[in-house]
Amino acid sequence: MFQGTLIYGFVNSVTLALIALGFNLTFGISGVANFAYGALYILAAYTAWILLTWLKINYFLSIVLAVIFTSFIGGLIYRFILLRVRGMPISEVIASFGIGLAILEFFRFLGFVGSEYTLPVFIDGSVSLGGTYIDVQRLLIVGIGIALVIFLWLFTHYTKTGLAFRGMAQEERTALILGINSDKMATLSLAFGSGLAGVAAITILPLGQVAIEGGYSALLNALAVCIVGGLGSTVGVLVAAVLIGFAQTFTATYIGSHWMMIVSLVAILVILIFKPSGLFGKQKELEERI
Amino acid sequence: MKRVILSSFVLLAFLICFPIGSHAQLKPGDPIIIGVPTFLGSIEGGESLKCVLMAAEEINAKGGVTIKGAKHPIKIEASEIRDGAPGVPVPEALLGIEKIILDKKVHAIVVGPFRSEALMATMDLLAKYKVPMLGTIAMSPASEAKIIENPEKYKYVFRTCLTSRYFVNLLTGVMDQLNKEFGFKKAYLMNQDVLWARGTTAGLKGWYEKSGWEVTGHDEFPTGASDFSSALMKAKAKDAQLLFTCFDMPQSGILVKQYKSIKVPGLMAGFISPMAGEVAWKSFDGQIGGLMNAIFELGNIPSAKYPPAQAFYDAYKKKYKDPLQSGHGPAPSYESVYVLKEAIERAGTVEADTLVKALEQTDRAGVMGRVKFDKGHQVVYGTDPAKEAVAAMFQWSEAGERRIVYPTAIAEKKIWAPEWVLKSKK
């Protein structure tokens, strides 16, 4: 059972990292805490389901279109709403949370409730890893998660847009002096982050069901990982995902499943008390306060 | 002038003391207003409302409810109270129920709260405004105890759906059969951390202990949990022959997929709400063969052995072009409208106290079996639809069919265990 816990703990860690990457990327570049993130995660899944089930479009094309659509919506949210309140953190949070609520509850209003909202797994079946059975889809989550991290590193180090993202993340005013359009980059960061939420959704949700409540838990998980790791730090996200992922799985196995959900909340609490900027956070002013 | 002021105060005091008393007097043709405040966003709540509307349409098509020779149509007023959604506090649900009572001036309520926690709090509200309610979703038997303890105050609350107590009766019957057929004696319990599921699992756990079964483990999951792998690994490590499940959240559907992929060599039986409807086979890629799932009220699943249930199921499918998905709520919701209609006709009024007495006399052959209330205003559930209302356990076949396997009076097939489960037990 210990071996199984290690394997499932690792998968859980990658799942958490996958969920948090998009939220972290947007915050790291534009400084916007996108509280509509969970809703965009679910939007991508419902879009894929609609394309696949109602419009009978090929599954992989549906996935691509759903991710593009979610990115587009993310960009629109910044361009038409968040741009107006940028630089006012509380307003950003309220506005984005409100948009998220509206998206999720709109799906409920439209009747997207029930057991038929499921996405097919990419490859069916399970394999044995040293006697522990695990579905192929979980292995794909691990593969896609690792591939995404490598892609993001390459993108931000070797492409013009990626370098502009890093410039924005390091010092927005200096980036402006160098001719980087900060509004355009912020829009792109929202679109990019939303697209990553979409990738996470269509990779993770085939293991379960597309449900409105999933949007709230995705946001909570993304927040927990980013706060513990340090908002805006990719290394922090990865380390926090591993810590929380293993802690959740070990808690569920050796203490009790009903304690699993509070692991991330306890982690947030502990980190806010002892190191409010997070394990790898760069907001030093937060630390100076304590 | 003094007299006018005094009279106004007396009138105001009267209106405060008897806020909705006057609407109990109906003129010929006035509608009978039935409120449906529930968690409409849930599949159980949404389908229950559809069934209430279906029953009301059928009754109205035949002229409506007859009170002292005059016909009255039924008018349905629905309201979303979201009490089953994570994080929604009970007081918010109560506000929704109070609003529908005061604004829509309902004569009675059907369906009612989704969560038992909300039902318990609603009972005082119903007593305050004297509005009879026939609950069809919340399942905790704690409300019956409250009615028996103080019948004068809480007499307005009735329930037509199954309760945790009766669900345990159904489960123990199934467990006995599994023991006889396959010699199963080791169970692992998994339930959602909500009042009705905790009560059901605790009741079953007590029965297991008394009946010589070994409970190899027990895990509770908060609403919204979607990773069950740790509990499944424990069940596998402890060689459980049976995995008992008790969940009503949409995310619980993943449990069966995870159970199959981890290859836990035990039979899964209990209640997982997304597995109840016939669409589950397609939704879960045909990977649910062998799963035993409860249907809380007959009618939510068709039965060739009990024609009223079959007729109701088919009528719903024909009207809404889709089969029922939920195993809990729709049939008793439909039935409740007819129970109410007959009680109003017996009482000859919609006045609450008289109507409650008429409701207590209910005895009809309904879509989920015979409908009669006990002292706790709970419909009596048993194993024969000719004698009592009935809940059922069905099993998914490998061909994607739902076949009732318990109780024996309506069983269509014997319980079977998949080959890979039997192989591991040899």
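Contact here means heavy atoms within 4.5 Å. With that in hand, here are some close-ups of a predicted model.

**View 1. Where chain A meets chain B.** On one side of this contact sit 36 residues from chain A, and on the other 38 residues from chain B. Put the two chains together and about 2,900 Å² gets buried, with carbon and sulfur atoms giving 54% of that area. Over in chain A, the residues that lose the most area to chain B are A:Ser115, A:Tyr133 and A:Ser257, which together make up 17% of what that side buries. The size of an interface is often given as the accessible area lost when the parts come together.

**View 2. Salt bridges and polar contacts between the chains.** Across the interface of chain A and chain B, 2 salt bridges turn up. One of them joins the side chains of A:Arg138 and B:Asp227, at 4.0 Å from N to O. Counting residue pairs in polar contact between the two chains, with both residues at pLDDT 80 or more, gives 10.

**View 3. What chain A brings to the side that touches chain B.** Six named elements matter here: α1 (2-30), α4 (89-109), β2 (132-135), α9 (213-229), α10 (234-254) and α11 (260-274) of chain A each supply at least two residues of the side touching chain B. The largest share, 4 residues, comes from α1(A). Sorted by class, this side of chain A has 13 nonpolar, 16 polar and 7 charged residues.

**View 4. Helices α2 and α4 of chain A, packed together.** Two packed helices are described by the angle between their axes and the distance between the axes. For α2(A), residues 37-54, and α4(A), the axes come within 9 Å and cross at roughly 35°. The crossing is left-handed. From α2(A), look for A:Ala39, A:Ile42, A:Leu43 and A:Tyr46; from α4(A), their partners in the contact are A:Gly100, A:Ile103, A:Leu104 and A:Phe107. That contact is made of 7 nonpolar residues, 1 polar residue and no charged ones.

**View 5. Helices α2 and α13 of chain B.** Here α2(B), residues 43-61, packs with α13(B), residues 330-347, at an angle of about 35°, and the axes are 7 Å apart. This crossing is right-handed. Among the residues that meet are B:Cys51, B:Val52 and B:Ala55 in α2(B), and B:Tyr334, B:Val337 and B:Lys341 in α13(B). By class, the contact divides into 10 nonpolar, 2 polar and 3 charged residues.

**View 6. A salt bridge inside chain A.** The whole structure, over all chains, holds 30 salt bridges. This view picks out the one between A:Asp183 and A:Arg86, whose closest N and O atoms are 4.0 Å apart. A:Asp183 lies in helix α8 (residues 182-204) of chain A, while A:Arg86 is in the loop between α3 (59-85) and α4, so the pair ties together parts that are 97 residues apart in sequence.

**View 7. Two backbone spots in chain B.** Most residues other than glycine have a negative phi, and most peptide bonds are trans. Check the peptide bond from B:Tyr406 to B:Pro407: this one is cis, with omega near 0°. B:Pro407 is in the loop between β18 (402-406) and α15 (419-425) of chain B. Then there's B:Asp239, which is not a glycine yet has a positive phi of about 60°. You'll find B:Asp239 in the loop between α9 (229-237) and β10 (242-247) of chain B.

Notes:
Residues numbered from 1 in each chain as written. Chains lettered and ligands numbered in written order. Predicted model: local features only at pLDDT ≥ 70, side-chain atom pairs only at ≥ 80, totals over all residues. Heavy atoms only, no water. Buried area = accessible area lost by both parts, 1.4 Å probe. Polar contact = N/O pair within 3.5 Å; in protein donor to acceptor, adjacent residues only side chain to side chain. Nonpolar A, V, L, I, M, F, W, Y, C, P; charged D, E, K, R; others polar. Axes fitted to C-alpha atoms, helices over the stretch in contact; angles between N-to-C directions. Left-handed = near helix turned anticlockwise from the far one by under 90°.
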